[in-house]
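Let's take a friendly walk through this model, starting with its cysteines and then moving on to its sheet. Have the sequence and the 3D view open as you read.

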Amino acid sequence: MAGTRETTAEAPAPEAAPVPAPLRARYAVTRSVVAGCPVLRLTPRRGATGRHLLYTHGGAYAFPLQEPHWWLLQHAAKDTGVTLTVPLYRLAPEGDARQAYALLREVYEGLCAESGPGAVTLAGDSAGGGLALGQAVAYRDTGAGRARQVLLFSPWLDLTMSHPALPALEPLDPLLRTDDLIEAGRLWANGADPRDPLLSPQFADVTGLPPVHVFQGGRDLFAADARLLAERLAAAGNGGTFTFEPAGEHVYVSAVWTHESRRSLATVRGLLRDAPRSA
């Protein structure tokens, strides 16, 4: 994966939504700087298990972490004892995929050194879901150590937006538009091939990955790609699952007041508590 930008100074922190009070009450929040980017760590004040959730937020690689991301994490990790690590990667057009992977690799290696790769869950929503799956592919290929599992919430899997079902899905989705995403993907790729598996993990070899659990709504432009990924994972013998909510919109799990979200987040909590260390 090629890139053209070089940055060494600390990047200005993206205008991320602050950690809300309910999370601050339950977690000790610390901030560090890794590869020039802020990294937030939320450690349970009681009952920490030593397991970790490394979360990459969505936003088309161009928008910072928003309050609904915190809602998702608050309910997903409740009473699991999992420590949350949230890197605030550089956003396009100032940042790109090459820089993000350098940051995430350093963060992941730190968590592995602390607790072992089998204690780390990779997770993300939308664009961040693409980064979560891309990390699993990269770490398999470079021998960095296999994560415990991967959790994907309405993941953006193909920067080229090439699935033939997209024209039928777009009218159902109140948020996402194909042309906008193609442009966002172009900026994120920054001259690299958008079909590179680390940019568009839909094109990756999915054999040998940790269990990948996909949570997808039907009223979402990404629904067809998510289903295709689930089929490919099943064919490869992956130990993950596919949860599909027909009425769910994009990243429906962040709408924590809905029945669809509550069902799925209960499943997520079970995975964070009980997932085996191998597929």
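Cys37 is buried, with a relative accessible area of 2%. Keep in mind that you are looking at a predicted model. Cys112 is buried as well, at a relative accessible area of 14%. Might these be partners? A disulfide is a covalent bond between the sulfur atoms of two cysteines. The sulfur of Cys112 has its closest cysteine sulfur in Cys37, 19 Å away, and that is too far for a bond, because a disulfide requires the two sulfur atoms to lie within 2.5 Å. The count of disulfides therefore comes to zero under this cut-off. Cys37, for its part, is in no disulfide.

Now turn to the sheet. How are its strands arranged? Eight strands make up an open sheet with mixed pairing, and their order is S1-S2-S4-S3-S5-S6-S7-S8. At the edges you will find strand S1 (27-34) and strand S8 (242-249), each of which pairs on one side only. From one strand to the next, the twist averages 20°.

Zoom in on the pair formed by strand S3 (residues 52-56) and strand S5 (residues 120-125): the two run parallel and are joined by five bridges. Here Leu53 stands opposite Thr121 in S5. Helix H4 (residues 127-142) packs on the sheet, where it touches S3 and S5 along with strand S6 (149-153) and strand S7 (212-219). If you compare directions, that of H4 makes about 145° with that of S5.

Technical notes
Residues are numbered from 1 along each chain as its sequence is written. This is a predicted model: local features need pLDDT of at least 70, side-chain atom pairs count only at pLDDT 80 or more; totals for chains, interfaces and linings use all residues. Side-chain values use heavy atoms; hydrogens and water are left out. Buried means under 20% relative accessible area, exposed over 50%, partly exposed in between (1.4 Å probe, protein chains only). Two strands pair if DSSP finds at least two bridges between them. Helices (H or I, at least four residues) and strands (E, at least two) are DSSP runs, numbered from the N terminus. Axes are lines fitted to C-alpha atoms, for helices over the stretch in contact, and angles run from 0 to 180 degrees between N-to-C directions. Contact means heavy atoms within 4.5 Å.
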